[in-house]
Amino acid sequence: MDRIEITPAKRLSGEVIPPPDKSISHRAVMFSAIARGKGIVRNFLRAQDTESTMHAFRTLGIEIVDQGHTLIIHGKGLRGLTEPFDVVDCGNSGTTIRLLSGVLSANPFFSVLTGDRSLRSRPMARIIKPLGLMGAQITGRENSRYAPLAIRGGKLTPVTYEMPFASAQVKSSILLAGLYTEGMTEIREPSKSRDHTERMLPAFGADMKTEGLTITVAGGRELYAQEIDVPGDFSSAAFFIVAALLLPDSEVVMKNVGINPTRTGLIDVLKTMGADIEISNRRFVSGEPVADILSRSSSGLRPAVVTAEMVPSLIDEFPILCVAAAKAGGTTIIRGAAELRVKESDRIRAMAVELSRMGVQVEEFPDGLNITGAEDLNGAEVDSHGDHRIAMSMAVAGLAAHGVSGINNASAVAISFPDFFSTLQRLSE
Ligand code: S3P
């Protein structure tokens, strides 16, 4: 399905149970693999990115019993992984390669990590540098800036590290390496990135504390298997939240969605734009806050201003926020978001190019965009840039446009949300 045609919808209504959270699914497999005993992961995300993590740990000698959305993982403890017989392919997944690098740096064998063309173009110095300070031996392509990465694992020492930017992948990679040291590793973030690692690892027995923006972990303690229920992915629900806002007479309920405050900045921004969004049935599942989210048509959206300190809590939602901005009455200003240039695609460039094709006025800056909303979007031929979130965002734009649109390279949605197009079709009238 490399080109999908999107016909404008009159309205959107119904109920969606979004796919399981990608970040939490990755971590559940990883932490179970290096814990002792039989771990159970329920509501595991079946998508290309999380399959990459499953595949990587099988290559490292971990038995994973696949029961569909439930996985049984036979963890072998911190020192139980074995040298892979082949290169470990992390596919499109930044979380897989960066977190795994932290673990493999401390394991006494040789491994090579690689991925697809997109992943091999994404910055890796951000993990090689702090892990190097701990004594890790990692080299990569282009003077250790990119994957493939070759890792000769060995003994690591604890580190105190001030992160130059907020990143949950970098933070988690260092914390995982810290588990293998004798002593306290301390990390300070400039602003808070998603904290799934800090919520989940202590449940496995890790001695970890968070105080404000500082996280400490004590090394040398074994982890023990747990049962984890993965909540729905807010980042996948985000496409339906915005689609319902933009279409007339629409109302979509999303059930069982993770609403960890380090992830839900999009809701705060949309509310300042005048969006009608309600959160109900709040509860906790496996240490993560979960709720149902109701999103209704909201005509007359106002433009937003997004600044650097808001960026980490909506880092993956920028493409769909750009679509909301494209229909708002005025100019939305996004700055301090240079990280978007090194995601699965250059998301600043991709959204500027693709929204322009629909007739939206977009100005590109090194660290953001100005988007001037248009009353009417024109259906157009657009491209996903091989990026799942661009494909889904442009499909929502197409739904709210006049005339038919074609989304090229649409199969990228399989990275995080294989059923995206059929779900969209089910809700559309
Ligand atoms: C993720 C962290 C974020 C996010 C990515 C998933 C994670 O990346 O964009 O989709 O699972 O830790 P950065 O840590 O690079 O900001």
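**Figure 1. Proline P148 sits in strand β9, which spans residues 146-152.** The peptide bond leading from A147 into P148 is cis, with omega near 5°. Most peptide bonds are trans, and most residues other than glycine have a negative phi. Helices and strands here are DSSP runs numbered from the N terminus (helices: H or I, at least four residues; strands: E, at least two). What you see is a predicted model, in which local features need pLDDT of at least 70 and side-chain atom pairs count only at pLDDT 80 or more, while totals for chains, interfaces and linings use all residues. Residues are numbered from 1 along each chain as its sequence is written, and side-chain values use heavy atoms, leaving out hydrogens and water.

**Figure 2. Two loop residues, S286 and H385, have a positive phi without being glycine.** For S286, phi is about 45°. S286 belongs to the loop between β16 (276-285) and β17 (288-296). At 39% relative accessibility, S286 counts as partly exposed; that label covers the range between buried (under 20% relative accessible area) and exposed (over 50%), using a 1.4 Å probe and protein chains only. H385 has a phi near 55°. Look for H385 in the loop between β22 (381-383) and α12 (388-399). With a relative accessibility of 32%, H385 is partly exposed too.

**Figure 3. Helix α3 (residues 94-104) packs with helix α6 (residues 168-178).** Two packed helices are described by the angle between their axes and the distance between the axes. Here the angle is about 25° and the axes are 7 Å apart. That makes α3 roughly parallel to α6. Each axis is a line fitted to C-alpha atoms, for helices over the stretch in contact, and angles between N-to-C directions run from 0 to 180 degrees. Angles under 35 degrees count as roughly parallel, over 145 as roughly antiparallel, 65 to 115 as roughly perpendicular, and the rest as oblique. The crossing of α3 with α6 is right-handed, meaning that the near helix is turned clockwise from the far one by less than a right angle (anticlockwise would be left-handed). On the α3 side you can find G94, T95, R98, L99, S101, G102 and V103, which meet Q169, S172, S173, L176 and A177 of α6. Sorted by class, this contact of α3 with α6 has 4 nonpolar, 7 polar and 1 charged residues. Ala, Val, Leu, Ile, Met, Phe, Trp, Tyr, Cys and Pro count as nonpolar, Asp, Glu, Lys and Arg as charged, and the others, Gly among them, as polar.

**Figure 4. Helix α6 is largely enclosed by the rest of the structure, because 11 of its 11 residues are buried.** Among the buried residues of α6 are A168, V170, K171, I174, L175 and G178. Two of α6's residues, K171 and L175, turn up again around E198. E198 lies in helix α7 (residues 196-200). Leaving aside neighbours within four places in sequence, E198 is in contact (heavy atoms within 4.5 Å) with K171, L175, M208, T210 and I215. E198 is itself buried, at 9% relative accessible area.

**Figure 5. Helix α10 (residues 318-326) meets helix α11 at an angle of about 35°.** The two axes are 10 Å apart, and α10 and α11 cross in a right-handed way. P319, C322, V323 and A326 of α10 make the contact with R347, M351 and L355 of α11. By class, it has 6 nonpolar, no polar and 1 charged residues.

**Figure 6. M358 is found in the loop between α11 (347-357) and β20 (361-365).** M358 is buried, with a relative accessible area of 0%. Not counting neighbours within four places in sequence, M358 is in contact with L377, N378, A380, V382, M394, A397, G398 and S405.

**Figure 7. L213 occupies the loop between β12 (207-211) and β13 (214-218).** At 34% relative accessibility, L213 is partly exposed. Setting aside residues up to four places away in sequence, L213 touches I187, R188, E189, P190, S191 and K192. P190 is 23 residues from L213 along the chain, yet their C-alpha atoms are separated by 7.1 Å.

**Figure 8. I138 is part of strand β8 (residues 137-140).** I138 is buried, at 9% relative accessible area. Beyond residues up to four places away in sequence, I138 touches S105, I128, L131, S144, L149, A150 and I151.
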